[in-house]
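Please open the model in your viewer and keep a selection tool at hand, since this tour moves from stop to stop and says what to select at each of them.

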Amino acid sequence: MSLVDRDLKVIWHPYTQMQTALPPMPIVRGEGVCLFDENGKKYIDAVSSWWVNIHGHAHPYIAQKVSEQLNKLEHVIFAGFTHEGAVELAERLLKLLPINQKKVFYSDNGSTAVEVAIKMCLQYWHNKGEGRTKILAFKNAYHGDTFGAMAVSGRSAFTAAFDSLLFEVEFIDLPTEENIESLKSQISNLKSNLACFIFEPLVQGAGGMLMYEAVYLNELMAHCRKEAVLMIDDEVFTGFGRTGKSFACDYVAEQPDIMCFSKGLTGGTMALGITTCSQQIYNAFLSDDRLKTLFHGHSFTANPIACAAALASMDLFTEPSTRENIQRIEGLHSQFLEKIRHHPKVKTVRQTGTILAMEWETGNDTSYFNSLRDILYRYFLDAGIILRPLGNVIYILPPYCITDVELNYIYNKIEQALEEI
Ligand SMILES: *Cc1c(COP(=O)(O)O)cnc(C)c1O
């Protein structure tokens, strides 16, 4: 039996309507920006395997570091015990973050990093004896698929089956020059009950690569600070260079209270989540009263193999050549953006750092379920490019090691698609 037939017999894939989806594609090997199928056909991974890969596939340096760690210590309980990798990763990550970030809490993935952040905020107020319980979030937000993370995400097709069970959240529009003052008064009106504000900084990924400006985020953050509303900066997608700077919050002067990381954290090698927080948050849990403890933990908290992968990825991330690659991709993206901006089939095109997104004109509203999606997906696969359109929104966010030749190949195929589809 072929691998695909065996797969179809036993596997249920994520975000996949199993009745109508194309059969999954077996991948046997990865190298740099490319993935290879059973027949040796090469695919450029233009979406960094669901946004996690930043240095390329099967990176030899990360592989070596992970392999060394495997022979030393594969795992140890992280309550009552510690290990070198977890401490070193925390020390090095905090050095890259806004100065107010002081403590690192480990978990397994982006959703759990968000769950931890929400619990830190809610229990912060609980421990202080103040009943702030409401959470503020953006419309169209995406913060993960566990229940708390779903609750603070925009209500959508993804959440429809669960909407009645999700806790109530106040949703506001993305900030613009026009609405910023009204958003600020909305926050002021709610403030006595607002525990925190959670946001994807500058780019809402799963919502369709929606982008907004740093000046208005900064203004909203300053206003939250004034009203003592805690801020959770969800950098799960935007962290580690995606937006051009190391973290999207590097574009704003205000500092969040809490930050969430995953995806690029291990270079896309292992599942790992991190929630960092300020001393103020941490201190609210210090007490002789055991009930003020943060009662949260996962079996694989701070897994040493995942920490080794993250440390290796950080070595690569802080090399000057990585910064140069990010800037090179930014430059090429913006040239391509100008080139296609006025094409009649291009509804809008936008860019933040290494993320380029374009909405295909379909005559209908932009939607995740737009049927053009499957046509585009197939078209680019045939051309040896993995693009995974969000409905009629095509986006490119490659590993930073992509070459000019590979990027130009993708741009050319998009231009060709604009003519042929
Ligand atoms: C992907 C994502 C998450 C969830 O991360 P998982 O590791 O998939 O659970 C949370 N927040 C943002 C902004 C994301 O893009």
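A pocket, as the word is used here, is an open set of grid points with protein on both sides within 12 Å along at least five of seven lines, and a molecule sits in a pocket if more than half of its atoms lie within 2 Å of the grid points of that pocket. With that in mind, and remembering throughout that this is a predicted model, begin by selecting the ligand, which sits in the second largest pocket.

**The ligand and its shell**

Next, select the residues that surround the ligand, namely Trp51, Asn109, Gly110, Ser111, Tyr142, His143, Gly144, Glu200, Asp234, Val236, Phe237 and Lys263. If you colour this shell by residue character, you will find that it divides into four nonpolar, five polar and three charged residues.

Which residue places a backbone N or O atom 2.8 Å from an oxygen atom of the ligand? Select Gly110, for a backbone N or O atom of this residue lies at that distance from a ligand oxygen. Then move to Ser111, where a polar side-chain atom is found 2.6 Å from an oxygen atom of the ligand, and after that to Lys263, whose side chain likewise has a polar atom, here 2.7 Å from an oxygen atom of the ligand. Taken on its own the ligand has 380 Å² of accessible area, and the protein covers 84% of that area.

**From the shell to Ser153**

Keep His143 displayed, as it is one of the residues around the ligand, and add Ser153, which lies in the loop between helix α6 (147-151) and strand β6 (169-172). The side chain of Ser153 reaches the backbone nitrogen of His143 at 2.9 Å. Is Ser153 buried or exposed? Ser153 counts as buried, because its relative accessibility is 3% and the cut-off for buried is under 20%.

**Helix α2**

Now select helix α2, which covers residues 48-51, and look at Ser48, which belongs to this helix. Although Ser48 is not a glycine, it has a positive phi of about 50°, and with a relative accessibility of 0% it counts as buried. Ser49 is also found in helix α2, and its phi, near 50°, is again a positive value in a residue other than glycine. Ser49 is partly exposed, however, with a relative accessible area of 30%.

**Helix α3 and the loop before it**

Where is His59 found? Select the loop between α2 and α3 (60-70), and His59 will be there; with a relative accessible area of 22%, this residue is partly exposed. Add Ser313 to the selection and compare the two positions, which are 254 residues apart in sequence and yet, from C-alpha to C-alpha, 9.3 Å apart in space.

Continue into helix α3 and select Gln69, which lies in this helix and is buried, with a relative accessible area of 16%. The side chain of Gln69 reaches the backbone oxygen of Leu73 at 2.9 Å, so it is worthwhile to show both residues together, with the side chain of Gln69 visible.Ala63 also lies in helix α3, where it counts as partly exposed at 42% relative accessibility. For a separation across the model, select Ala63 with Ala248: the two residues are 185 apart in sequence, and their C-alpha atoms are 28 Å apart in space.

**Two further stops**

Move next to Val252, which is found in the loop between strand β10 (230-234) and strand β11 (258-261) and which is buried, with a relative accessible area of 10%. How many residues apart in sequence are Val252 and Leu286? They are 34 residues apart in sequence, and 30 Å apart in space when taken C-alpha to C-alpha.

Finish at strand β14 (residues 355-360) by selecting Leu356, which has its place there and is buried, with a relative accessible area of 4%. If you add Ile329, you have a pair that is 27 residues apart in sequence and 9.8 Å apart in space, again from C-alpha to C-alpha.

Methods: Residues numbered from 1 in each chain as written. Predicted model: local features only at pLDDT ≥ 70, side-chain atom pairs only at ≥ 80, totals over all residues. Heavy atoms only, no water. Near = heavy atom within 4 Å. Polar contact = N/O pair within 3.5 Å; in protein donor to acceptor, adjacent residues only side chain to side chain. Areas by Shrake-Rupley, 256 points an atom, 1.4 Å probe, with all protein chains shown as cover. 1 Å grid on protein atoms, 1.4 Å probe; cavity = no way out; pocket = protein on both sides within 12 Å on 5 of 7 lines; lining within 4 Å. Nonpolar A, V, L, I, M, F, W, Y, C, P; charged D, E, K, R; others polar. Helix = DSSP H or I, 4+ residues; strand = E, 2+ residues; numbered from the N terminus. Buried < 20%, exposed > 50% of the residue type's maximum accessible area, 1.4 Å probe, protein only.
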